[in-house]
Each structure stands twice: as structure tokens, then as C-alpha cells.
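Colleague: I would like to go through this model step by step. Please reason briefly before each answer.

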Amino acid sequence: MTLSAWFALWLRERDVTFHLAELLWVFGAGALLAWPPALFLARFAAIGRGVETRFAAYLFFLSLGTIGMTALLFALDYREFYAQWHAPIGTTTWLFQFAFTTLIAFYQFLVMGLRLYLPIGGVILLAVCLWLASDRRAQRR
């Protein structure tokens, strides 16, 4: 996913940003952290199912997990920046600020960040899902 984000930025001629390393780190770490739970859930959903169902399970959980984890890391970074202007921790105002800052960060990631998964990320995702769905021995382990 790091390669996908870099390539998408390069295609849009935005790879010279001074935040490039941080962006690539967020996309790589999001995919890396999402892999184990997404794989577990997909394998659980695909137990004893046909190839099409296994493929759909892998596609659903790997894509949703990767997007969700990357959006979470983006939201944590977003929250860290805006925390300096928020109320003290534990107050009602802080709770609202925390909730809405996190929701805005998720929305902003969905609007601007999802396009960085294309075109390479989609191809890699489909290839990995096909590989995982067709590997019968891995399903039995």
C-alpha cells in the first residue's frame, strides 16, 4: 500500500510534498496493522465455503480492514495536531472536540486518501484475494 500511495502521488505530480515520508508511513503501517485481524476474520467467514465466497470474504475484510486501520492512524495524527487547541481531558467539551475531530479526520481520509489506493492498490488487493481464495492448503491450517 506504500507503493500504491507513492505511485498515486507521483501520477498526480504531488510526490514532492515535504510530508511524503509521513504519508507513506501511515499507508504502510495501516496495511501492516490491518493484515492479521482482517485475515483472521476473512478465514473465519470463509470456512468450508466455495472459492467465490472465500474471494468475497478476503476482498471485503482486507479492503475494509486496510482502509479502516489507515483512516484510524490518519485520525490519530490529525487528533495529535489539533489537541493543542482542545479543552482539558475529561471535560464534556473535550469529549465533543475529540469525537468531532476524529469523525472529521475519517471523512477527510475517505475523501482525499482513498484515491491513493488506486490504481496499484486495487490490483494488488485483487491478486492477493485470488491467491488466498485459491490456496486450499492454507485454508486447512
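The questions below go from the whole chain to its pockets and then to single residues.

Colleague: Which helix of the protein chain has the highest confidence, and which the lowest?

Modeller: This is a predicted model, and the protein chain has a mean pLDDT of 89. Of its residues, 94% reach 70 or more. By element, the lowest mean is 55, in helix H6 (residues 136–140), and the highest mean is 94, in H2. The helix with the highest confidence is thus H2, and the one with the lowest is H6.

Colleague: What pattern does the protein chain follow along the sequence?

Modeller: The protein chain has zero strands and six helices. Its C-alpha atoms fill a box of roughly 55 × 40 × 20 Å along the principal axes. Read along the sequence, the pattern is α-α-α-α-α-α.

Colleague: Of contacts between residues at least 6 apart in sequence, how many percent join residues at least 24 apart?

Modeller: The protein chain has 141 residues, and 30% of them are buried. For contacts, the pairs to consider are those at least 6 apart in sequence. Among these, the share that joins residues at least 24 apart is 70%.

Colleague: Which element gives the most residues to the lining of the largest pocket?

Modeller: The largest pocket holds about 730 Å³ of space. It is lined by 20 residues, and those closest to its centre are His-19, Leu-23, Phe-74, Met-112 and Leu-116. Helix H2 (20–45), helix H3 (51–82) and helix H4 (92–113) each supply at least two lining residues. The element that gives the most, with five residues, is H3.

Colleague: How many charged residues are in the lining of the largest pocket, and how many in that of the second largest?

Modeller: The lining of the largest pocket has eleven nonpolar, four polar and five charged residues. In the second largest pocket, twelve nonpolar and four polar residues form the lining, with no charged residues. The charged counts are therefore five for the largest pocket and none for the second largest.

Colleague: Which element gives the most to the lining of the second largest pocket?

Modeller: The second largest pocket has a volume of about 330 Å³. Its lining is made of 16 residues, and Met-1, Leu-62, Thr-66, Gly-121 and Leu-125 lie nearest its centre. The elements with two or more lining residues are H2, H3 and helix H5 (120–134). The one that gives the most, with five residues, is H5.

Colleague: Against which helices do the buried residues of H1 pack?

Modeller: In helix H1 (residues 2–11), the buried residues are Ser-4, Ala-5, Ala-8 and Leu-9. Seen down the axis of H1, they fall within an arc of 130°, so they line one face of the helix. The helices that these buried residues pack against are H2 and H5.

Colleague: Is Arg-43 buried, partly exposed or exposed?

Modeller: Arg-43 sits in helix H2. The cut-offs are under 20% for buried and over 50% for exposed. Because its relative accessibility is 32%, Arg-43 counts as partly exposed.

Colleague: What distance separates the C-alpha atoms of Arg-43 and Val-111?

Modeller: Along the chain, Arg-43 and Val-111 are 68 residues apart. In space, their C-alpha atoms are separated by 30 Å.

Terms used. Residues numbered from 1 in each chain as written. Predicted model: local features only at pLDDT ≥ 70, side-chain atom pairs only at ≥ 80, totals over all residues. Heavy atoms only, no water. 1 Å grid on protein atoms, 1.4 Å probe; cavity = no way out; pocket = protein on both sides within 12 Å on 5 of 7 lines; lining within 4 Å. Points joined across faces, edges and corners; volume = space filled by probe spheres on them. Helix = DSSP H or I, 4+ residues; strand = E, 2+ residues; numbered from the N terminus. Nonpolar A, V, L, I, M, F, W, Y, C, P; charged D, E, K, R; others polar. Buried < 20%, exposed > 50% of the residue type's maximum accessible area, 1.4 Å probe, protein only. Arc of directions from axis to C-beta. Contact = heavy atoms within 4.5 Å. pLDDT = per-residue confidence, 0-100.
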